[in-house]
Amino acid sequence: MEKHEVRVLARYEAENATLGGDATIENFVAGYSGTGYVNINNTGTITFDVTMEEAGFYSIQIGYNGMFGEKRQNLSVNGTGLGEVAFPETTEFTQIEGAKKVRLNAGSNTVTISSSWGWMLVDYIQIEDYVEIPFNIDPELVNPNASDEAKNLYEFLKENFQKKVISGVMTLDSMVEPEWLYENTGKYPAILGLDFMHNVGKDTEWFVNDPNRVHQVADDAEEYYNRNGIPVICWHWRDPSKQTSAFYTEDTNFDINVIYDTTSDGYKEIISDIDVIAAELKRLTDKHVPVLWRPLHEAAGG
């Protein structure tokens, strides 16, 4: 992707903002800009009055110091919550993107940072131009032998890319969530998210030892596709050694590097799990059901 120059339009110091809760102005930790910073402590809020010449989309950067560890704090603009922002632990003042793309009005606006996990030093917010990053979408699928159904789904996604939001919901208990949405809104979501997390691993008898549920994920995907929906399947891959039922690195001693030793027990355990999941996907292939497949959706997160 190309690099785009971003204009810094304004910086607003936290010590000049309107404080609430137990937020306090301090200046004894070195490295801040302006005349100080604000410790939001346990219940603090910091509200910045932001003035813009033109209405439009902008990005919001936040200067902070995370000396008390990784935190998450709430961000809102003009009274509308944008959700939590994750602030990694730091030992000095640094800057993080609080909002990639947010609409600000011409004239007066408010940007508020409020405590969620608390205990963080806020230095400033910085308003910058929002720069649309161009995407280069491959015109064809990587598999030249993809089914017609897969090609049609890909065409649908390309046609709607950056034009519409396609609604979706995750479910782990068959159709409970989409049915709830239908009962309460009168509409089904276009996408149904499913997970192979119970198909392999320790303590998955709920699926694999029940002949009525062993194929539940694939069956749900087929049913939703036949209802004109789009099935998405991820895989929280549990410990292949079956020593634990965990799928996070920190909770198991399984060494993924055994994949390089094709004679090892670990390699055979990995391949065994893949075979089980591949068989479920083959069921869908044979029934001409395309899926959006996300097998390692959190790999970078451990």
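These are my notes on two sheets, a helix pair and three single residues in a predicted model.

**Antiparallel sheet**

I began with the five-stranded sheet. The sheet is open, its strands pair in the antiparallel sense, and I read their order as E2-E5-E10-E7-E8. Which strands stand at the edges? They are E2, residues 18-20, and E8, residues 80-87. Each has a single partner strand, so one side of each lacks a neighbour in the sheet. For the twist I noted an average of 25° between neighbouring strands, with direction ignored.

I then looked at one pair inside this order. E5 covers residues 45-52 and E10 covers residues 107-115. I found the two joined in the antiparallel sense over eight bridges. As a reference point in the register I wrote down Thr45, which has Ser114 of E10 opposite.

**Asn41**

Next I looked up Asn41, which sits in the loop between E4 (37-39) and E5. Its phi is positive, about 50°, although Asn41 is not a glycine. Is Asn41 buried or exposed? I have its relative accessible area as 12%, and the cut-off for buried is under 20%, so Asn41 counts as buried.

**Parallel sheet**

The other sheet I examined is open too, with four strands in the order E12-E13-E14-E15 and parallel pairing. I recorded E12 (168-170) and E15 (292-294) as its edge strands, each pairing on one side only. From one strand to the next the twist averages 20°.

Within this sheet I checked E13, residues 191-195, against E14. They pair in the parallel sense over five bridges. Gly193 has Val232 in E14 as its bridge partner.

**H4 and its surroundings**

I turned to H4 because of the way this helix lies across E13 and E14. Relative to E13, H4 runs at about 175°.

I also followed H4 to another helix. H4 spans residues 216-226 and H5 spans residues 265-286. Their axes come within 9 Å and cross at roughly 25°. Angles under 35 degrees count as roughly parallel, and I therefore entered H4 and H5 as roughly parallel to each other. The crossing of H4 past H5 is right-handed.

Which residues make the contact? From H4 I listed Ala218, Asp219, Ala221 and Glu222. From H5 I listed Glu280, Arg283 and Leu284. Sorted by class, this contact has three nonpolar and four charged residues, with no polar ones.

**Lys242**

I searched the loop between E14 (230-234) and H5, where Lys242 is found. Lys242 has a phi near 65°, a positive value in a residue other than glycine. Its relative accessibility is 33%, so I put Lys242 down as partly exposed.

**Leu181**

My last entry is Leu181, placed in H2, residues 176-185. I have its relative accessibility as 23%, so Leu181 counts as partly exposed. What does Leu181 touch, leaving aside its neighbours within four places in sequence? The contacts I found are Val169, Gly186, Lys187 and Pro189.

I also took one distance from here. Leu181 and Asp265 are 84 residues apart in sequence. In space I have them 45 Å apart, C-alpha to C-alpha.

Key. Residues are numbered from 1 along each chain as its sequence is written. This is a predicted model: local features need pLDDT of at least 70, side-chain atom pairs count only at pLDDT 80 or more; totals for chains, interfaces and linings use all residues. Side-chain values use heavy atoms; hydrogens and water are left out. Two strands pair if DSSP finds at least two bridges between them. Axes are lines fitted to C-alpha atoms, for helices over the stretch in contact, and angles run from 0 to 180 degrees between N-to-C directions. Angles under 35 degrees count as roughly parallel, over 145 as roughly antiparallel, 65 to 115 as roughly perpendicular and the rest as oblique. A crossing is left-handed if the near helix is turned anticlockwise from the far one by less than a right angle, and right-handed if clockwise. Contact means heavy atoms within 4.5 Å. Ala, Val, Leu, Ile, Met, Phe, Trp, Tyr, Cys and Pro count as nonpolar, Asp, Glu, Lys and Arg as charged, and the others, Gly among them, as polar. Buried means under 20% relative accessible area, exposed over 50%, partly exposed in between (1.4 Å probe, protein chains only).
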